[in-house]
Amino acid sequence: MTIDTTNLCSHLQKKLFEPEGIYYPIWQAMQNDEGLTAVVRSRQLHIYRNAKKILILAGKAQAKMQF
């Protein structure tokens, strides 16, 4: 999976892409799951499964789960 990091918050980039980052395990899992898609909106990463939003990752704020 590739995403456009141009508008992604720098704090989130560190948490997501660096091995010591708190969201790095999520990024690794996303690479192996074909059912997930991700879009950058408002400097946050919105993650979808089967066209339904399941998680919003932000740089400084808490992650938000969607049900």
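Let's start with the parts list: the protein chain has 2 helices and 4 strands. Keep in mind as you look around that this is a predicted model. Reading from the N terminus, the elements come in the order α-α-β-β-β-β, so you meet the helical part before the strands.

How does the chain fill space? Its C-alpha atoms occupy a box of roughly 25 × 25 × 20 Å, taken along the principal axes. A compact globule of 67 residues would have a radius of gyration near 11 Å, and the protein chain has 11 Å, so the two agree. Of the 67 residues, 33% are buried. If you take the contacts between residues at least 6 apart in sequence, 37% of them join residues at least 24 apart.

Now for the outside. The protein chain exposes about 4,600 Å², and carbon and sulfur atoms supply 51% of that area. As for charge, there are 9 positive and 5 negative side chains, with the centres of the two sets 13 Å apart.

Next, look at the strands. Together, 4 strands make an open sheet in the order S1-S2-S3-S4, with antiparallel pairing. Strand S1 (36-41) and strand S4 (64-65) stand at the edges, and because each has a single partner strand, one side of each is left without a neighbour in the sheet. A handy thing to know while you trace these strands is that in a regular strand the side chains alternate between the two faces of the sheet.

Let's walk across the sheet, starting from S1. It is joined to strand S2 (residues 44-49) by 6 bridges, and the two run antiparallel. To find your place here, look for Arg41, which stands opposite Gln44 in S2.

One step further, S2 is joined to strand S3 (residues 52-57) by 5 bridges, again antiparallel. A pair to look for is Tyr48 and its bridge partner in S3, Lys53. S2 and S3 form a hairpin with 2 residues between them. In that turn you'll find Asn50, which has a positive phi of about 55 degrees.

The last step takes you from S3 to S4, which pair in the antiparallel sense over 2 bridges. Here the bridge partner of Leu55 is Met65 in S4. These two strands also form a hairpin, this time with 6 residues between them.

That loop between S3 and S4 is worth a stop, as it holds Gly59. Is Gly59 buried or exposed? The cut-off for buried is under 20% relative accessible area, and Gly59 counts as buried because its relative accessibility is 6%. And what does Gly59 touch, once residues up to four places away in sequence are set aside? The answer is Cys9, His11, Leu12 and Lys15. Gly59 and Leu8 are 51 residues apart along the chain, yet their C-alpha atoms are separated by 8.6 Å.

Finally, head back towards the start of the chain, to Thr5, in the segment before helix H1 (10-17). Thr5 has a relative accessible area of 30%, so it is partly exposed. Leaving aside neighbours within four places in sequence, Thr5 is in contact with Gln13 and Phe17. You can also trace a link towards the sheet: Thr5 and Val39 are 34 residues apart in sequence and 9.7 Å apart in space, C-alpha to C-alpha.

Terms used
Residues numbered from 1 in each chain as written. Predicted model: local features only at pLDDT ≥ 70, side-chain atom pairs only at ≥ 80, totals over all residues. Heavy atoms only, no water. Rg over C-alpha atoms; globule rule 2.2 N^0.38 Å. Buried < 20%, exposed > 50% of the residue type's maximum accessible area, 1.4 Å probe, protein only. Contact = heavy atoms within 4.5 Å. Areas by Shrake-Rupley, 256 points an atom, 1.4 Å probe, with all protein chains shown as cover. Lys, Arg positive; Asp, Glu negative; His and termini not counted. Charge placed at Lys NZ, Arg CZ, Asp CG, Glu CD. Pairing = 2+ DSSP bridges.
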